[in-house]
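Here are my notes on this one, in the order I'd go through them with you. Pull up the model and follow along.

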Amino acid sequence: MLKYSFYISFVIFIAGLIFRMAQWVRFDLDTESAEQSKVKRIFALWESLWNHLVSAQALLMLKAIFWDGLLQVRILKSSPLRWLAHMSIFWGFILLLLFHALDDQISAWVLPDYASTINPYMFLRNLCGVFVLSGIIIALYRRRNQFIVRQISNWMDYTALGLIAAIIVSGFLVEAVQIISENQFDSMVSDYMISPDESEISALRAYWAKYYSVSFAQAVDTTNKIVLETGNSIHQDSCASCHSRPQYAFVSYNLTQSIMPFATVLNAIQMDKILLIIHYMLCFIGLAWLPFSKMFHMLTTPLNYCMAASSQETKHSAATANGKIVSLDACTHCGVCSEQCSVAPIYRVTANDCILPSEKVGAVLSMAAGRHPIVLDSLFAGNAVCTECNKCTINCPSGIPLLDIWQSTKKELQNKGWYRPEDIIKKHSAYEWADIWKTQTPPQSFPSFISDDPQTYEACVQCSICTQVCPIVAAASNSGEPIDLTPQQVMNLLRIGLKDKALGTQMVWTCATCYMCQENCPQHIPVADVLYELRNLAHAQIYLKQTGEK
Amino acid sequence: MQLKYSYFPGCKISGQLSEYGTSTKKLMSLLGIEWVELQFNCCGYPIRHQNLEASVFSAARNMALAERAHLDIMTPCKCCFGNLKHSQHMLKNDPALFKRINERLKAEGLTYSGTIEIKHLLTVLYHDVGLEKIKTRIGHPYQPKTIVAASYGCHALRPARITNFDNPFDPSIFEKVIEVSGAQTVLWPKRTECCGQPVFERNPDLSNALLQSKISDAIQARANMICTACTYCQMQYERLGQDKLPVVTISEFLKKAISGQ
C-alpha cells in the first residue's frame with residue numbers, strides 16, 4: 001500500500017511541477033508579454049533554464065546557489081531571527097531527506113558502515129529533527145508576534161509549518177514506539193540471530209528489556225545477573241555491531257519513557273506500524289502538495305536567484321515574460337516586504353490588504369492568469385497607494401523585483417480598463433457629476449469637518465485674492481484652457497450650499513495644494529484645506545456605481 | 001550640546017533620489033550632527049489627497065516611533081515636513097481624532113502624545129547648528145559669481161501658522177544658509193511658488209508649465225544655479241528642467257563648500 005501511495009503522490013508531484021511550469025508560459029503579466037507567442041515562450045523557457053542552470057554561467061550560478069541558496073545570506077540581511085528559523089528548518093529537513101528518507105539510495109553508499117540504528121546516525125537524526133522543530137517554533141513565534149506579519153499569515157503558511165512539524169513529530173513517535181516494540185524485537189531476532197534457541201532468546205530478552213527499554217507482554221526477569229550476563233554475550237555477538245543504545249536517540253528515548261506505562265497496549269495494537277504508516281503518508285502528502293503550495297519556492301527561489309545573478313541580458317521579450325512569472329512564484333509569503341512597506345499604515349485604516357506587497361503578489365498572479373475577479377479592484381486601489389519607496393524589493397529575501405512588477409501592474413490595469421480617479425473625473429463636467437452622484441446610494445457617513453460648516457465661509461467677501469494668487473489658475477489660462485471654476489467660485493458654491501456641484505470641479509482635482517490661497521486670504525478662510533477635503537469626499541464617491549448599474 | 005535627530009528620509013529618497021539621502025547624511029557627518037534611522041513609514045503626504053485619516057495615522061506612527069526614541073525628527077523633504085507638521089497640528093486640535101489614532105497605535109504598542117518636534121534640514125542648519133558654526137567649516141567657499149536662486153517649496157512655508165518655518169511672504173533662511181558658503185543669492189518673484197510636482201501625475205502639461213515659469217523667472221533674475229531643499233522639488237527640476245539651469249540640493253551644495261567634493 002505504501003508503495004502505491006508513494007507512486008500516486010509522486011505522479012501528483014510531477015504533474016504539479018508541469019502544471020506550475022506551464023503557468024510560467026501561460027500567464028501574461030503585461031500586454032507586452034501577452035504579445036509573445038506561446039511557442040516562442042516555451043522555447044525561451046527551455047533556453048533560459050539551460051542558460052541559468054547548466055551552461056556558460058555555471059560559476060556565477062554556483063556562487064548564487066552557495067550564498068543565497070545554501071547560506072541564505074539574503075534572509076540573514078533582512079532579519080537574523082528569520083534566518084535562524086529558516087536555516088534550522090531548511091538544513092534539518094534537507095539532511096533528514098537525504099540521509100534518512102533516502103538512506104537506501106544515499107547513506108548506504110556514502111556513509112561508512114551505515115545503519116539507521118547505530119550512532120552517530122541515531123543521534124544526528126534526532127538532532128536534525130530538533131533543529132526543524134525549533135525552527136518551526138521560531139517561525140510561528142514571528143508569525144504571531146510581528147504586527148503586520150500576523151495579519152497576513154494565512155492557512156497556507158500555517159499548514160506548511162504544521163505539515164513539516166507533523167512529519168518530524170510522527171517520526172519521533174515512530175522511533176519511540178519502535179524502541180518498546182516486542183514485534184520489532186522478534187523480527188530482529190529472526191533476521192539477525194544465527195540458530196537461536198529458546199534459552200538464548202530469553203536471555204537476550206532480559207538484556208534488551210533492561211538496557212534497550214523493550215517492553216514484553218510476558219514479564220521478563222531483569223534482576224538475574226547470570227541471565228543478563230548470557231544476554232550480554234549474545235547481544236555482543238549478534239546485535240551490538242549494528243544497534244546502539246536507544247538513549248542516543250535522545251528525543252525518541254525520552255518519549256519512550258513517558259509512554260512506558262501504556263507499552264503493553266501500544267504493542268498489542270501494533271502502534272509502531274500504524275505510526276509508521278502515518279509518518280509515510282504525511283511525507284507523501286507533503287510531496288504531492290509541494291508544487292501546489294508555497295513550498296514550491298524550494299525550486300523557484302533558487303531559480304530566481306540564478307536569474308538575478310545572470311549578467312546576461314535577456315535577449316528575448318519572451319524570456320522576460322517568463323521570468324516575471326517565475327519571480328512571482330518565488331514568493332514564500334514570508335511577509336518581510338509588508339513588514340517594511342512604507343504604506344502599511346494606510347492598509348490599517350482602509351483595510352484593503354492589496355496595499356501590502358505580500359498580498360499584491362497573489363492578486364497580480366491572478367491578473368496574469370487572465371482572471372478578472374473583484375480582487376483586481378482592490379489591487380488597482382491598493383497599488384495606486386504605493387509610493388515606490390522600493391523597500392519591498394531591497395528587503396525581499398527571494399530577490400523578486402517587486403517594484404518593477406508594481407509599475408507594470410499599474411500600466412497593465414489601466415490597459416485593462418481600470419481608470420485612475422483623476423482620469424475618470426474628466427469624463428463629466430462638475431454639474432453632470434452632481435447629477436450622477438444624486439442617483440447613487442449615498443456613501444456611508446463620511447466624516448466631513450470644515451466643508452459642511454457654514455462658519456467656514458461666513459467671512460468670505462468674494463474678493464478673488466485666492467484666484468489671483470493661484471498658480472494653477474494662472475498656468476491654465478496661459479495654456480489656453482482656463483480652469484472651469486476658480487477657487488473663489490468653488491467657495492461661493494459651498495457658501496450657497498451647492499457642495500455636490502463643487503466635488504467634480506477641475507479646481508478640486510488639479511489643486512497643487514501649495515496653500516497660496518489660504519495664506520493670502522485676508523479673511524482667513526481655509527481655502528486649500530477645503531479643497532483637500534472635497535477631494536477626499538470625491539475620492540470616496542467616484543467608484544460608486546450609479547443606482548441600477550452593475 | 002550634541003545635536004541628534006531621528007533622520008526621516010521619506011519614500012522618494014529611498015526609492016528614487018538616493019543621492020539626496022547620501023549627501024544629506026554626508027553633510028550631517030561633516031557638521032557633527034548625529035542621527036539614527038528608525039523603522040519609519042510613509043509620512044502620509046501622498047495619501048492625504050484620498051484619505052485624511054490614513055494620512056494622519058501614517059504621520060502619527062512615525063512621530064510615535066520618534067517619541068519612543070526620544071528624538072526630534074529631521075527630514076530633508078519639505079512635503080514630509082509639511083505633512084508631519086499638519087498632522088501634529090490636527091492631532092493637537094482634534095481630541096476625537098487624537099483618541100482614534102492612539103487606539104490604532106496601541107495595537108502595536110505605540111502611543112502618540114505630541115512631545116517631539118518636527119524639523120526640516122534647513123531649520124536644523126539655521127536654528128540648531130547656526131550659521132556661525134557652518135561658516136567655520138567652509139573649506140572650499142564658492143566664488144561670488146555663483147548666483148543661486150533658492151527654491152523654497154510650498155509645504156514647508158505654508159500654511160505658516162502650522163508649519164512655523166519662516167515668514168511665508170518674505171522668507172530668508174534658505175538664502176542665508178546659501179550665503180554662508182560664499183555664493184550670492186537672488187530675490188526672484190516665484191521663489192515661493194509651486195514647482196508643479198503635485199500635479200505631475202494628474203496633468204503633466206500644467207505641471208511642466210508651472211516649472212518652466214519658475215525657471216525662466218530664476219534666469220531673468222540672473223541666477224546661474226537653482227538650489228532646492230525638497231525631494232519632490234528636486235525630482236521635478238531634474239525631470240523637466242535640468243537642461244536650462246543646473247539644479248542642486250542644499251545638501252550637495254553645502255557638502256561641496258565644506259569638503260570640496
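**Notes on the model**

1. Let's start with B:Ala60. Leaving aside residues up to four places away in sequence, B:Ala60 touches B:Ser87, B:Leu91, B:Ile101, B:Leu105 and B:Tyr112. Bear in mind throughout that this is a predicted model.

2. Where does B:Ala60 belong in the bigger picture? It sits in the largest nonpolar core, which has 171 residues, and B:Ala60 and A:Val508 are the residues with the most contacts inside that core. Helix 3 of chain B, residues 52-68, gives this core its largest share, 10 residues.

3. There is another core, lying apart from that one, with 39 residues. Its members include A:Ile89, A:Ala176, A:Leu204 and A:Leu266.

4. Now the sheet in chain B. Its 4 strands run in the order 2-1-3-4, with parallel pairing, and the sheet is open. Strand 2 and strand 4 (118-120) of chain B each have a single partner strand, so these two are the edges and one side of each has no neighbour in the sheet. Ignoring direction, neighbouring strands are turned by 40° against each other on average.

5. Something also packs on this sheet: helix 4 of chain B, residues 78-93, which touches strand 3 and strand 4 of chain B. The direction of helix 4 makes about 160° with that of strand 4 of chain B.

6. For the pairings themselves, look at strand 1 of chain B (residues 4-7). In chain B, 3 bridges join strand 1 to strand 2 (residues 34-36), the two running parallel, and B:Lys4 has B:Glu34 as its bridge partner in strand 2. Strand 1 of chain B is also joined by 3 bridges to strand 3 of chain B (residues 72-75), again running parallel. There, the bridge partner of B:Tyr7 is B:Met74.

7. Over to chain A, and how is it divided? The assignment gives domain 1 (2-175 + 276-300), domain 2 (182-269), domain 3 (335-418) and domain 4 (425-542).

8. Domain 1 and domain 3 of chain A are worth a look as a pair. Their C-alpha centres lie 26 Å apart, and the contact takes 14 residues from domain 1 of chain A and 18 residues from domain 3 of chain A. On the domain 1 side, helix 5 (73-78) and helix 9 (147-152) of chain A each supply at least two residues. What is the make-up of that side of domain 1 of chain A, the one that touches domain 3 of chain A? Its residues divide into 6 nonpolar, 5 polar and 3 charged.

Key
Residues are numbered from 1 along each chain as its sequence is written. Chains are lettered from A and ligands numbered from 1 in the order in which they are written. This is a predicted model: local features need pLDDT of at least 70, side-chain atom pairs count only at pLDDT 80 or more; totals for chains, interfaces and linings use all residues. Two strands pair if DSSP finds at least two bridges between them. Domain bounds come from an automatic or database domain assignment. Two residues are in contact if their C-beta atoms, placed from the backbone, lie within 7 Å. Ala, Val, Leu, Ile, Met, Phe, Trp, Tyr, Cys and Pro count as nonpolar, Asp, Glu, Lys and Arg as charged, and the others, Gly among them, as polar. Axes are lines fitted to C-alpha atoms, for helices over the stretch in contact, and angles run from 0 to 180 degrees between N-to-C directions. A nonpolar core is a set of buried Ala, Val, Leu, Ile, Met, Phe, Trp, Tyr and Cys residues joined through C-beta atoms within 7 Å. A residue is buried if 20 or more other C-beta atoms lie within 10 Å of its own, exposed if 12 or fewer, and partly exposed in between; C-beta atoms are placed from the backbone.
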